[in-house]
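The following exercises concern the packing of helices and the surroundings of a single side chain. Please work through each task with the model in view before reading its solution.

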Amino acid sequence: MSFEALWRELLPIGRHPETGGYRRFTYTPAELECREWFRRTAQARDLAVETDRNGNLWAWWGEPAPGSVVTGSHLDSVPDGGAYDGPLGVVSGFAAIDLLRERGFTPRRSIAVVAFAEEEGGRFGVACLGSRLLCGEISPDRARALTDPSGVTLAEAMASAGLDPERIGRDDTLLSRIGSYVELHIEQGRAQADLDAPIAVGTGIWPHGRWRLEFTGEANHAGTTRLDDRRDPMLTYANTVLAARKKARLAGALATVGRVVCEPNGTNAVPSRVLAWLDARAPSDEVLDRVVEEIERASAERAQRDGTGFVMRQESYSPAVQFDPALTDRIVRVLGGVPTLGTGAGHDAGVLAGHVPAAMLFVRNPTGVSHAPAEHATMADCAAGVNALATVLEALAQ
Ligand code: GLV
Ligand code: MN
Ligand code: MN
């Protein structure tokens, strides 16, 4: 089946009719439908499908054995995400297998396509949760207790999807099977468009993390409470957003506050509580540590002046990643010298890189927009991605 035909099957699932963005949150009906699609697609190709203990999906061409070549990505999305972030790598994995079979290739090492669970942390807050669990990078107890915005725990969500949350955690058997992991992903900035390169190879990922910020104050009447008498957490929050932007700019880092909850959220009342989430990224772990510390200090000082409470807590952290240099060099050679680039976007390949040889292929994104409905890649570039991935899998599996 062509890439395009396979791609079209997945497109309607979880797409919001008004925004055109995807809402494929882990273990919700839309994401479960994507999982069904994965199973059907694998079965139609005679690939053995398994869901591992951590909710990640695997499709095997050949016996699951040590030294296998694994490709894939994720099927979940950010709120109103684009179609490509994640699914492009999974669809391309299946399409590359189709292409290799058309070429009459018989792999000497087994090849697997994987879809990691909860890569975006869009439901339970921790990015790359499925790959972190597989690699033992988060404790099973902490993971089980993570909650979604309505208070449902990961353990409850897994159980309702028919999975046993008691079995989650590092999976040495499965890890030992991964001889190499190559994730294909849409590029999430403008780097390749500027280089006029449909395909590029990833060199590394900026360190990045997420922090939960809680601002507390005193709910009161908007029309009768004198400004001097207020303890308004919205002020401390607003100042934090501005401080984050400034500290990041001065350090050559990035800081984003893209999620906020205000309570009780009334037009004519001073709020009692504002919850917000900071996403911060930087070229090095040292710079990131410093920027986050500076933001925390500025917010704490402001809270004191506003008479509000301020508590900041790290929710996830991904240190700087360098992809396997030997694997990366080999892929560049096999593809005949494509450009290499680093990225500020997080990926399961970054988590796996601490445990197995991992590398990434990027497909050009002409507008550079990502984590938004306008995210796009041309069909010609997607086809070039499938071709490149097939060439890489062939080299690694023969
Ligand atoms: C994942 O896409 C991330 O970089 O947050
Ligand atoms: Mn993403
Ligand atoms: Mn992604």
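**Exercise 1.** In this predicted model, determine with which residues H347 is in contact, leaving aside its neighbours within four places in sequence.

*Solution.* Begin by placing the residue: H347 belongs to the loop that runs between strand 14 and helix 12 (348–352). Next, consider its accessibility. The relative accessible area of H347 is 3%, and buried means under 20%, so H347 is buried. Finally, list the partners. Once neighbours within four places in sequence are set aside, H347 touches E119, C128, E183, H185, Q188, I205, M360 and F362.

**Exercise 2.** Establish which residues of helix 11 (residues 325–334) are buried and which are exposed, and state what the buried ones pack against.

*Solution.* First, identify the buried positions: they are L327, T328, I331 and V332. Their directions cover an arc of only 135 degrees around the axis, and they therefore lie on the same side of helix 11. Second, turn to the other side of helix 11, where P325, A326 and R333 are exposed. Third, find the packing partners of the buried residues: strand 5 (178–186), strand 6 (199–205), strand 14 (340–343), strand 15 (358–363) and helix 13 (379–397). As a last step, inspect what comes after the helix: G336 follows helix 11 and has a positive phi, near 75 degrees.

**Exercise 3.** Classify the packing of helix 9 (residues 233–251) and helix 10 (residues 285–306) by angle, handedness and residue type.

*Solution.* Start from the geometry: the axes of helix 9 and helix 10 are 9 Å apart, and the helices pack at an angle of about 150 degrees. Because angles over 145 degrees count as roughly antiparallel, helix 9 is roughly antiparallel to helix 10. The crossing of the two is right-handed. Then examine the contact itself. Helix 9 contributes residues including L235, N239, A243 and K247, while helix 10 contributes V291, E294, I295 and A298, among others. By type, the residues of this contact divide into ten nonpolar, four polar and five charged.

**Exercise 4.** Apply the same procedure to helix 1 (residues 3–10) and helix 13.

*Solution.* The axes of helix 1 and helix 13 come within 10 Å and cross at roughly 110 degrees. Since angles of 65 to 115 degrees count as roughly perpendicular, helix 1 and helix 13 are roughly perpendicular to each other. At the contact, F3, E4 and W7 of helix 1 meet M379, C382 and V386 of helix 13. These residues comprise five nonpolar, no polar and one charged.

How values were computed: Residues numbered from 1 in each chain as written. Chains lettered and ligands numbered in written order. Predicted model: local features only at pLDDT ≥ 70, side-chain atom pairs only at ≥ 80, totals over all residues. Heavy atoms only, no water. Buried < 20%, exposed > 50% of the residue type's maximum accessible area, 1.4 Å probe, protein only. Helix = DSSP H or I, 4+ residues; strand = E, 2+ residues; numbered from the N terminus. Arc of directions from axis to C-beta. Contact = heavy atoms within 4.5 Å. Axes fitted to C-alpha atoms, helices over the stretch in contact; angles between N-to-C directions. Parallel < 35°, antiparallel > 145°, perpendicular 65-115°, else oblique. Left-handed = near helix turned anticlockwise from the far one by under 90°. Nonpolar A, V, L, I, M, F, W, Y, C, P; charged D, E, K, R; others polar.
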